Amino acid sequence: MVLLTMAVSVKVLKPTCANGVCNKATPSQIAFFYTSLYTIAVGAGGTKPNISTFGADQFDDFNPREKKLKVSFFNWWMFSSFTGALFATLGLVYIQENLGWGLGYGIPTVGLMVSLVIFYIGTPTYRHKARRTGHPASDLYRVLVDAFANRKLVLPSHSSELHEFDQQYYITTGKRRIHHTAIFRFLDKAAIKQERKDSEPRLCTVTQVEEAKLILGMTTIWLVTLIPSTIWAQIYTLFVKQGVTLDRHFGPNFQIPAASLGSFVTLSMLVSVPLYDRYFVPFMRKKTGNPRGITLLQRLGIGFVIQTFAIAIAYAVEVKRIDVIKVHQIQRSEEIVPMSIFYLLPQYVLLGIADVFNAIGMLEFFYDQSPEDMQSLGTTFFTSGIGVGNFLNSFLVNMVDKTTGRNGKKSWIGKNVNDSHLDYYYGFLLILSVLNLLAFFGASKKYIYKREAMETEEKCVQMEDKPLG
């Protein structure tokens, strides 16, 4: 952030301008600017997958009060994150457009410095989860290798005949034992009991095999979150391009920055989180008996359905905008369509409500279903899904633009959106959303939730004995 602030503030690092006309940036200026952006990306790669996991780790699963509080943690963690996003879309966007980019980037830079100080002050008071295995990723690799090596062996008729440590091992190590599941049975061959030489590595256990199954199962769910992430990317891309063409007046003298309309996603999300956590969850908890009110995958499914409705409304609004363009014979990109920007409001609000279900739901799902020592990997599923969704969005836009613009035809997504067919593209996204929704229902129906037990010297605690699905 320091580098980015310098890139827009220091004279030698930004293009020179005279009389409102700016020169093209030099190669060194472009290199410095992109270096700062990618440095931020590297830093975010270290914080985003870990910060929510680390926060959730502060709760003790075996303390009933803390376990109950942990159910709400991700709701309020995301609430805090979106509060910051609201300040960015309302305050910082206005500052950048009206007071300068240097101040607009400088404020969050100072904020990050303050956050860093607070983090280090709090370090002595944090709980740190002790890793109980040397290299969790190597165990996954071993399961795949052993399953392939034993591919010709016949699986025993009952899972109790597979290799697993006795209860005393789990009492001593404090590690959680995962119960056998019938999904991905080809991996069970890694735990087939057989004679091995002393120089060979130990047999894989049922728990290690189940950890590999969890990763594969989460991968199938991850794949069907990519299209919803692509839909979410429209908030700061095509929705903004639409908004720029519309009447943005709010009162006689104030114009709403098109990018600030994204704040309504945040606002609707901030209103919905307390309602969800304080009213919806307790109500559903009484109905279902599930501590979360509804299962993790049910939460995702509701969010995806709401998101599908949002893109359907976006399609309908774009059809309306094109009709207004035809009536007023608007052709140039700089012409304002006599239609209020607030027509876009329903799609933004619905996407905010959907986030309460699918964005927070995905974060909690991947954390909860990850193997015990790999929960940072679980939240990486969440952040990587958003990243891949954005890349997929760029790919789809470029593909559709090139395909529909061939042979001199009018592109669906041209530079001049007043002379394009965004309605066709939104219809295409709507079809993808419906197909993805069907794929999600199929994947969730086959998914088996993690069932694990923690052995202690005093007692045996069964965790998630009642499947959340």
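**Exercise 1. Enclosed space**

How many cavities of 30 Å³ or more does the count come to in this predicted model, and which residues line the largest cavity nearest its centre?

*Solution.* Rolling a probe the size of a water molecule over the atoms shows where empty space is left. Applied to this model, which is predicted, the rule gives a count of four cavities of 30 Å³ or more. The largest cavity has a volume of about 110 Å³, and 14 residues line it, with Thr181, Ile183, Lys213, Leu214 and Ile448 lying nearest its centre. Turning to secondary structure, helix α7, which covers residues 206-223, contributes the most to this lining, namely four residues. Sorted by class, the lining of the largest cavity holds seven nonpolar residues, three polar ones and four charged ones.

**Exercise 2. The second largest cavity**

Determine the volume of the second largest cavity, and state which element gives the most to its lining.

*Solution.* The volume of the second largest cavity is about 60 Å³. Its lining is made up of Val71, Asn75, Tyr276, Asp277, Val281, Arg292, Ile294, Thr295, Leu296, Arg299 and Glu364. The elements that supply two or more residues to this lining are α3 (64-98), α10 (263-288) and α11 (296-327), and α10 gives the most, with three residues. By class, the lining of the second largest cavity divides into five nonpolar, two polar and four charged residues.

**Exercise 3. Two residues and their surroundings**

Decide whether threonine 53 is buried or exposed, do the same for serine 370, and list the contacts of each residue, leaving out residues up to four places away in sequence.

*Solution.* Begin with threonine 53, which is found in helix α2, residues 27-56. Its relative accessible area is 2%, and because buried means under 20%, threonine 53 is buried. With residues up to four places away in sequence not counted, threonine 53 touches Tyr367, Gln375, Ser376 and Thr379.

Continue with serine 370, which is found in the loop between α12 (345-369) and α13 (375-404). Its relative accessibility is 0%, so serine 370 also counts as buried under the cut-off of 20%. The side chain of serine 370 reaches the backbone oxygen of phenylalanine 366 at 2.4 Å. Beyond four places in sequence, serine 370 touches Leu214, Met218, Gln375, Gly378 and Lys450. Comparing the two contact lists, Gln375 appears for threonine 53 and again for serine 370.

**Exercise 4. Positive phi values**

Which value does phi take in phenylalanine 184, and is this residue buried, partly exposed or exposed? Answer the corresponding points for glutamine 329.

*Solution.* Most residues other than glycine have a negative phi. Phenylalanine 184 has a positive phi of about 50° although it is not a glycine, and phenylalanine 184 is found in the loop between β3 (176-178) and α7. With a relative accessibility of 22%, phenylalanine 184 counts as partly exposed, because that class lies between the 20% and 50% cut-offs.

In glutamine 329, phi is near 50°, again a positive value in a residue other than glycine. Glutamine 329 lies in the loop between α11 and β5 (337-340). Its relative accessible area is 67%, and since exposed means over 50%, glutamine 329 is exposed.

**Exercise 5. Record entries set against the model**

Which residues does UniProt list for "signal peptide", and which spans does it list for "transmembrane region"? Set the computed content of some of these spans beside the record.

*Solution.* The unreviewed UniProt entry lists residues 1-18 for "signal peptide". In the model, residues 1-18 are 33% helix and 11% strand, and the end C-alpha atoms of this span are 27 Å apart. For "transmembrane region", the unreviewed entry lists residues 73-95, 101-122, 214-236, 256-276, 296-317, 348-367, 379-400 and 424-444. Among them, residues 73-95 are 100% helix and 0% strand, with end C-alpha atoms 32 Å apart. Residues 256-276, another of the listed spans, are 67% helix and 0% strand, and their end C-alpha atoms are 30 Å apart.

**Exercise 6. The whole chain**

What share of the 469 residues counts as buried, and how many helices and strands are there in the chain?

*Solution.* Of the 469 residues of the chain, 44% count as buried. The chain has 14 helices and seven strands, and along the principal axes its C-alpha atoms fill a box of roughly 80 × 50 × 50 Å. Among contacts in the chain with a separation of 6 or more, 76% are accounted for by residues 24 or more positions apart.

Definitions and conventions:
Residues numbered from 1 in each chain as written. Predicted model: local features only at pLDDT ≥ 70, side-chain atom pairs only at ≥ 80, totals over all residues. Heavy atoms only, no water. 1 Å grid on protein atoms, 1.4 Å probe; cavity = no way out; pocket = protein on both sides within 12 Å on 5 of 7 lines; lining within 4 Å. Points joined across faces, edges and corners; volume = space filled by probe spheres on them. Nonpolar A, V, L, I, M, F, W, Y, C, P; charged D, E, K, R; others polar. UniProt positions renumbered as here; feature names shortened; annotations may be inferred. Buried < 20%, exposed > 50% of the residue type's maximum accessible area, 1.4 Å probe, protein only. Contact = heavy atoms within 4.5 Å. Polar contact = N/O pair within 3.5 Å; in protein donor to acceptor, adjacent residues only side chain to side chain.
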